Amino acid sequence: FRLKLMAEGELKDMEQFFDDLSDSFSGTEPEVHKTSVVGLFLRHMILAYNKLSFSQVYKLYTALQQYFQNDEKKPGTDESDMELTNTEELEGKMEKEELDVPLREEEVSCSGPLSQKQAEYFLSQQASLLKNDETKALTPVSLQKELNNLLKFNPDFAEAHYLSYLNSLRVQDVFSSTHSLLHYFDRLILTGAESKSNGDEGYGRSLRYAALNLAALHCRFGHYQQAELALQEAIRIAQESNDHVCLQHCLSWLYILEQKIFDSCVLLEHSVNKSLHFGLPYLASLGIQSLVQQRAFAGKAANKLMDALKDSDLLHWKHSLSELIDISIAQKTAIWRLYGRSTMALQQAQTLLSMNSLEAVNVGVQQNNTESFAVVLCHLAELHAEQGYFPAASEILKHLKERFPSNSQHAQLWMLFDQKIQFERAMNDGRYHTADSLVAGITALNSIEGVYRKAIVLKAQNQMSEAHQLLQKLLIHCQKIKNTEMVISVLLSIAELYWRSSCHTIALPVLLQALALSREYSLQYLASETLLNLAFSQLILGIPEQALNILHTAIEPVLAHGAVLDKGCAMFLVAKCQVASAASYTPEKKMEALESAIVNLNEAKTYFAKVDCKEQLRDVLYYQARLFHTLGKTQERNKCAMLFRQLHQELPAHGVPLINAFK
């Protein structure tokens with residue numbers, strides 16, 4: 001009878017019903033005891049009703065009317081169908097026609113409605129999947145559709161707005177992510193969630209963290225001016241509230257913005273010290289990681305950097321910061337790669353891949369699907385490709401594509417490495433048109449790498465003037481942004497252009513500049529490569545003995561840590577210097593030197609064959625044929641001459657001399 005009265009009456013009748021429920025607990029002999037099963041249920045229902053906003057109360061009332069009308073149409077319905085175990089189920093009934101969310105895209109959609117707790121579980125589940133294993137989460141389009149359905153029913157659901165913000169970040173949608181982030185903090189303030197947990201301070205806390213998150217969002221998309229304005233606002237509000245934790249986060253982001261303009265360690269060191277003082281190990285460790293990265297680019301010694309990372313690792317293990325442990329190992333991998341120690345980089349990469357996460361995740365979810373693992377796997381693929389293990393590199397890239405789909409936020413990492421490996425293979429194979437077609441994709445992902453590889457293609461196609469102009473522009477840009485590694489690579493390419501133009505004396509100052517930079521910034525592998533180029537210059541200038549002396553000091557790091565192509569080029573250069581030096585030897589020593597040169601050429605030929613570098617193979621065969629002819633070995637000479645002819649017909653020389661460059 002009471003249900004009929006509410007359904008056929010007005011909204012105030014339902015309000016009166018809940019008021020009467022509260023009165024049932026009052027009096028000396030209450031109708032219902034508070035601690036009884038029925039009393040607990042009624043109290044729970046009253047509390048849930050009092051938390052509803054006006055729009056939710058109205059939706060509850062309309063759902064009640066619809067429920068009563070449907071029940072009147074089915075007179076034979078069992079009374080048990082009308083029972084609701086709690087108010088969450090009642091809210092679920094209210095949502096039935098508006099929301100039908102599948103928990104997994106591949107599963108059949110939920111036939112029943114979602115309660116408030118079910119919706120919260122869905123949001124927490126998807127947020128966890130986005131962090132740990134994005135492939136298991138709904139696709140961006142499907143997830144946004146479900147979130148829109150949730151928000152259509154309850155526009156004040158702050159957590160749904162935040163998940164919408166995370167979902168928009170997956171697809172790099174600036175407008176939608178900003179819109180959702182602002183709505184999240186608006187709803188957080190309007191619903192009073194922060195005020196209830198933090199007292200009067202809650203309102204201001206939401207405002208300052210809203211400004212801080214907005215600054216981080218703008219910084220992520222490269223809007224540094226807007227990020228600085230938002231950060232200033234966050235700092236102002238945090239100072240007014242005397243919130244040291246928020247100020248430390250602001251200081252960290254201030255460093256990130258400042259380093260876009262000038263290098264400054266002062267802010268970062270201050271941030272690390274303050275974070276340790278206020279007991280913020282996560283923030284302190286991130287500061288140490290950034291400091292190590294900056295000092296690595298500044299050319300600090302590797303042993304000092306590793307000691308600093310060791311100190312940060314103690315913080316990680318002490319506080320069980322699993323994500324930062326992964327970041328630290330990935331950082332070590334990248335530092336060893338920067339310094340040219342591929343063996344150490346490989347060891348660190350394998351260490352991270354063999355680790356288990358400290359975080360508890362659901363069964364079937366990848367434990368480690370973070371940026372750190374994407375970085376390490378990309379380095380691993382490149383290391384295998386450099387050693388000529390292209391099938392293994394392809395398997396790693398295939399795994400990366402499955403683990404980080406093209407619509408995921410870390411997909412650009414493997415896309416760039418995939419394009420670079422394909423480019424190197426095309427250049428080794430002499431397919432310059434294919435390499436040129438890959439330049440556009442590399443440029444879209446990394447403009448500096450793309451321009452550099454465009455210059456390499458132009459150089460290989462003998463377009464010297466165009467290549468030189470492009471390299472000069474790139475050199476000025478890299479010097480401006482202090483990308484020392486690329487500056488040295490560009491200088492080596494410019495020196496090679498001078499060789500090809502027979503300007504060997506002009507190449508020497510360029511190489512000496514590259515050598516000074518590589519030694520100043522502790523880039524050992526690039527220093528070794530520069531020394532090999534200097535040795536080649538001395539060979540061309542007619543002092544092969546001095547070139548051999550340089551080679552003996554520079555070749556060891558190349559053979560220990562270098563790519564297969566660089567090893568082949570180094571051994572080929574040794575053979576050239578041995579042949580040139582043998583001209584002044586006695587006949588017996590000359591024969592020994594030529595035999596030794598042939599052995600080195602065989603080793604170089606093995607390296608070049610491993611990476612399918614046909615142009616270099618052709619040059620080695622030409623040298624071997626000449627040496628076998630000098631030694632009177634006709635059969636070996638004819639074999640090398642035949643193989644040379646086959647490769648020469650496949651790869652014509654375009655009128656360029658065969659002996660023109662170190663590589």
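The numbered points below walk through some residues and cores of this structure, which is a predicted model.

1. A helix residue with polar partners. Asn 167 sits in helix H8, which covers residues 158–170, and because its relative accessibility is 2%, under the 20% cut-off, it counts as buried. Its side chain comes to 2.9 Å from the backbone oxygen of Pro 140, and a polar contact, also of 2.9 Å, links the side chains of Asn 167 and Arg 170. When residues up to four places away in sequence are set aside, Asn 167 touches Pro 140, Leu 143 and Gln 144, so that Pro 140 appears here both as a polar partner and as a contact of Asn 167.

2. A loop residue with an uncommon backbone angle. Most residues other than glycine have a negative phi. Asn 242, although it is not a glycine, has a positive phi of about 60°, and the place where this happens is the loop between helix H12 (224–241) and helix H13 (244–258). With a relative accessibility of 53%, which is over the 50% cut-off, Asn 242 counts as exposed.

3. A second loop residue of this kind. Ser 522 is likewise a residue other than glycine with a positive phi, near 60°, and it is found in the loop between helix H26 (504–520) and helix H27 (524–540). Is Ser 522 buried, partly exposed or exposed? Its relative accessibility is 29%, and because this value falls between the cut-offs of 20% and 50%, Ser 522 counts as partly exposed.

4. The largest nonpolar core. This core has 125 residues, and the members that touch the most other members are Phe 423 and Phe 608. Helix H25, made of residues 484–500, gives the most to this core, with 11 residues. The surroundings of Phe 423 can be listed in detail: not counting residues up to four places away in sequence, Phe 423 touches Ala 435, Leu 438, Val 439, Ile 442, Arg 453, Ile 456 and Val 457. Apart from the largest core lies another one, of 25 residues, and among them are Leu 188, Leu 217, Cys 246 and Leu 257.

5. The cysteines. How many disulfides does the structure hold? The number is 0, and two of the cysteines can be described by their accessibility. Cys 219 counts as buried because its relative accessibility is 10%, whereas Cys 503, at 26% relative accessibility, counts as partly exposed.

Key
Residues are numbered from 1 along each chain as its sequence is written. This is a predicted model: local features need pLDDT of at least 70, side-chain atom pairs count only at pLDDT 80 or more; totals for chains, interfaces and linings use all residues. Side-chain values use heavy atoms; hydrogens and water are left out. Helices (H or I, at least four residues) and strands (E, at least two) are DSSP runs, numbered from the N terminus. Buried means under 20% relative accessible area, exposed over 50%, partly exposed in between (1.4 Å probe, protein chains only). A polar contact is a pair of N or O atoms within 3.5 Å; within protein, one must be able to donate a hydrogen and the other to accept it, and residues adjacent in sequence count only if both atoms are side-chain atoms. Contact means heavy atoms within 4.5 Å. A nonpolar core is a set of buried Ala, Val, Leu, Ile, Met, Phe, Trp, Tyr and Cys residues joined through side-chain atoms within 4.5 Å. A disulfide is a pair of cysteine sulfur atoms within 2.5 Å.
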